[in-house]
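Visitor: Hello! Could you show me how to read a structure I have not seen before?
Guide: Gladly. Let us put it on the screen.

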Amino acid sequence: MPTPFTFIDRAVTLRYYEEDPVEVTLYLGDALEERLQAAVSHYDAPHTVEEDAENFRRLVGREAADRLLGRAEVLDRLTVLELLSYTVRACREEQGKKLMALAEG
């Protein structure tokens with residue numbers, strides 16, 4: 001008898017900073033995929049630190065991004081890139097884990 005159909009949990013909670021961590025929950029799906037692609041593509045063209053910060057806000061949401069950016073000792077392009085890189089990498093890792101669990105289930 002086949003296993004019943006089950007939706008995967010789409011929530012991905014990312015944890016930033018070791019001391020007094022900030023958690024951000026994103027939801028896997030087409031909308032997040034489009035935001036991830038746009039966030040990465042942003043770096044294909046010339047940009048300022050302000051544009052980088054706005055790009056990050058579009059990815060994780062304004063409130064979450066402002067909390068994360070506000071924690072940085074220095075807010076420069078590298079800081080924003082580090083936050084964005086962690087976000088993209090962690091989303092991809094969690095997406096892979098959830099899809100593997102679905103395939104094994």
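Guide: We will go from the whole chain to its helices, and then to single residues. Keep in mind that this is a predicted model.

Visitor: Which helices and strands does the chain have, and in what pattern?
Guide: The chain has four helices and two strands. Along the sequence they follow the pattern β-β-α-α-α-α. The C-alpha atoms fill a box of roughly 55 × 35 × 20 Å along the principal axes.

Visitor: How many of the residues count as buried?
Guide: Of the 105 residues, 31% count as buried. There is also a figure for contacts across the sequence: among contacts between residues at least 6 apart, 60% join residues at least 24 apart.

Visitor: What should the span of helix α4 be, given its number of residues?
Guide: At 1.5 Å a residue, the 28 residues of α4 should span 40 Å, and the end C-alpha atoms are 40 Å apart, which agrees. You can repeat the check on helix α2, residues 49–60: its 12 residues should span 16 Å, and its end C-alpha atoms are 17 Å apart, which agrees too.

Visitor: How do I describe two helices that pack together?
Guide: Two packed helices are described by the angle between their axes and the distance between the axes. Take α2 and α4 here: they pack at an angle of about 20°, with their axes 9 Å apart. The two helices are therefore roughly parallel to each other. As for handedness, α2 passes α4 in a left-handed crossing.

Visitor: Which residues of α2 and α4 meet?
Guide: From α2 come V49, D52, A53, N55, F56, L59 and V60, and they meet R77, V80, L83, L84 and T87 of α4. By class, the residues of this contact divide into eight nonpolar, two polar and two charged.

Visitor: At what angle do α1 and α4 pack?
Guide: Helix α1, residues 30–41, packs with helix α4, residues 77–104, at an angle of about 145°, and their axes are 11 Å apart. Here again the crossing is left-handed. The contact is made by L32, E33, L36, Q37, A39 and V40 of α1 together with L84, V88, C91, R92 and Q95 of α4. Sorted by class, that contact has seven nonpolar, two polar and two charged residues.

Visitor: Which residues of α2 are buried, and what do they pack against?
Guide: In α2 the buried residues are D52, A53, N55, F56, R57, L59 and V60. They pack against β1 (11–16), β2 (22–27), α1, α3 (62–70) and α4. For α4, the buried residues are T79, V80, L83, L84, T87, V88, A90, C91 and K98. What covers them includes β1, β2, α1, α2 and α3.

Visitor: Could we look at one residue from each of those two helices?
Guide: Let us start with D52, found in helix α2. Its relative accessibility is 0%, so D52 counts as buried. Leaving aside neighbours within four places in sequence, D52 is in contact with H42, Y43, H47, R77 and V80.

Visitor: And R92: where is it found?
Guide: R92 is found in helix α4. With a relative accessible area of 31%, R92 is partly exposed. Beyond its neighbours within four places in sequence, R92 is in contact with E33, L36 and Q37. You can also try a distance on the screen: the C-alpha atoms of R92 and E18 are separated by 21 Å, and these residues are 74 apart along the chain.

Visitor: What can phi tell me about a residue?
Guide: Most residues other than glycine have a negative phi. In this chain, Y17 has a positive phi of about 70° although it is not a glycine. D20, also not a glycine, has a positive phi of about 50°.

Visitor: Where does Y17 lie, and where does D20 lie?
Guide: Y17 is in the loop between β1 and β2, and D20 lies in that loop between β1 and β2 as well. Y17 is partly exposed, with a relative accessible area of 29%, whereas D20 counts as exposed at 62%.

Visitor: Which residue follows α2, and what is its phi near?
Guide: That is G61, whose phi is positive, near 100°.

Conventions: Residues are numbered from 1 along each chain as its sequence is written. This is a predicted model: local features need pLDDT of at least 70, side-chain atom pairs count only at pLDDT 80 or more; totals for chains, interfaces and linings use all residues. Side-chain values use heavy atoms; hydrogens and water are left out. Axes are lines fitted to C-alpha atoms, for helices over the stretch in contact, and angles run from 0 to 180 degrees between N-to-C directions. A crossing is left-handed if the near helix is turned anticlockwise from the far one by less than a right angle, and right-handed if clockwise. Contact means heavy atoms within 4.5 Å. Ala, Val, Leu, Ile, Met, Phe, Trp, Tyr, Cys and Pro count as nonpolar, Asp, Glu, Lys and Arg as charged, and the others, Gly among them, as polar. The expected span of a helix is 1.5 Å times one less than its number of residues. Buried means under 20% relative accessible area, exposed over 50%, partly exposed in between (1.4 Å probe, protein chains only). Angles under 35 degrees count as roughly parallel, over 145 as roughly antiparallel, 65 to 115 as roughly perpendicular and the rest as oblique.
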